[in-house]
Amino acid sequence: MRKPHILLADDHPQMLANLCRLADKAGEVVGAVTDGQAAVDVSRRLRPDVVVLDLVMPRVGGIDAARAIRKELPDCRVVLCTIHASANIKEEAFAAGAVGFVRKQSAHSDLVPAIRAAVAGETFVSPSLEPYIPPPQTNGGGE
């Protein structure tokens with residue numbers, strides 16, 4: 001069985017290097033980029049299983065990048081890794097198609113489980129945050 005392919009995006013070089021070292025424990029890091037537009041472009045080309053995105057990046061932010069990646073690659077799983085941890089941002093991230101939300105402050109313990117959960121088709125939120133329960137899916141019609 002092949003290791004999941006992982007693409008990482010963060011505009012801080014040291015953080016990106018740290019995320020690469022961590023993610024390597026959960027799969028094969030196939031790319032690392034420093035802005036959201038590059039994450040979208042490289043995802044299109046490499047078709048990774050999981051993309052880990054910073055929230056605030058040049059050119060395209062993480063939430064918009066997540067939306068674009070999920071639209072073009074519906075089987076790709078997105079994990080947001082950020083210092084911003086408000087309930088509104090988590091809701092926005094999950095609404096954009098993310099399946100994981102990791103605080104950078106706890107990436108050392110949470111990133112690998114988040115990637116593994118994403119690959120397994122599960123959601124993950126850093127335990128240091130209040131639990132997030134995705135809203136129920138509706139079929140768009142009446143009951």
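This note sets out points on a predicted model, taking in its sheet, salt bridges, cysteines and largest pocket.

1. The sheet. The model contains an open sheet of 6 strands, paired in parallel and arranged in the order S2-S1-S3-S4-S5-S6. Strand S2 (28-33) and strand S6 (124-125) occupy the edges; each has a single partner strand, so one side of each lacks a neighbour in the sheet. As general background, the strands of a sheet pair through backbone hydrogen bonds, in either a parallel or an antiparallel manner.

2. The pairing of S1 with S2. Strand S1, which covers residues 5-9, pairs with S2 in the parallel sense, and 5 bridges join the two. A reader who wishes to locate this pairing in the structure may begin at Leu 8, which stands opposite Ala 32 of S2.

3. Salt bridges overall. A search of the whole structure returns 7 salt bridges. Several of them are taken up in the points below.

4. Arg 44 and Glu 72. The side chains of Arg 44 and Glu 72 form a salt bridge, with a distance of 2.6 Å from N to O. This pair links distant parts of the chain, since Arg 44 belongs to helix H2 (residues 36-46) and Glu 72 to helix H3 (residues 62-72), 28 residues apart. Arg 44 is partly exposed, at a relative accessible area of 38%, and Glu 72 is likewise partly exposed, at 40% relative accessibility.

5. Asp 54 and Lys 104. A further salt bridge joins Asp 54 to Lys 104, whose closest N and O atoms lie 3.3 Å apart. Here too the pair links distant parts of the chain: Asp 54 is in the loop between strand S3 (50-53) and H3, while Lys 104 is in the loop between strand S5 (98-103) and helix H5 (107-119), 50 residues apart. Are the two partners buried or exposed? Asp 54 is buried, with 4% relative accessibility, and Lys 104 is also buried, with a relative accessible area of 12%. Asp 54 and Lys 104 further belong, with Asp 10, to a network of salt bridges.

6. Arg 67 and Asp 64. Arg 67 and Asp 64 form a salt bridge in which the closest N and O atoms are 2.8 Å apart. Both residues are in helix H3; because they are 3 residues apart, about one helical turn separates them. Arg 67 is partly exposed at 39% relative accessibility, and Asp 64 is partly exposed with a relative accessible area of 45%.

7. Cysteines. How many disulfides does the structure hold? The number is 0. In general terms, a disulfide is a covalent bond between the sulfur atoms of two cysteines. Cys 20 is partly exposed, having a relative accessible area of 21%, whereas Cys 81 is buried at 0% relative accessibility. The cut-off for buried is under 20% relative accessible area, so Cys 20, at 21%, does not count as buried.

8. The largest pocket. The volume of the largest pocket is about 150 Å³. Which residues line the largest pocket? The lining consists of Met 1, Arg 2, Pro 4, Asp 49, Asp 75, Arg 77 and Val 119. By class, this lining comprises 3 nonpolar and 4 charged residues, with no polar ones.

Notes
Residues numbered from 1 in each chain as written. Predicted model: local features only at pLDDT ≥ 70, side-chain atom pairs only at ≥ 80, totals over all residues. Heavy atoms only, no water. 1 Å grid on protein atoms, 1.4 Å probe; cavity = no way out; pocket = protein on both sides within 12 Å on 5 of 7 lines; lining within 4 Å. Points joined across faces, edges and corners; volume = space filled by probe spheres on them. Nonpolar A, V, L, I, M, F, W, Y, C, P; charged D, E, K, R; others polar. Disulfide = S-S within 2.5 Å. Buried < 20%, exposed > 50% of the residue type's maximum accessible area, 1.4 Å probe, protein only. Salt bridge = Lys/Arg side-chain N within 4 Å of Asp/Glu carboxyl O. Helix = DSSP H or I, 4+ residues; strand = E, 2+ residues; numbered from the N terminus. Pairing = 2+ DSSP bridges.
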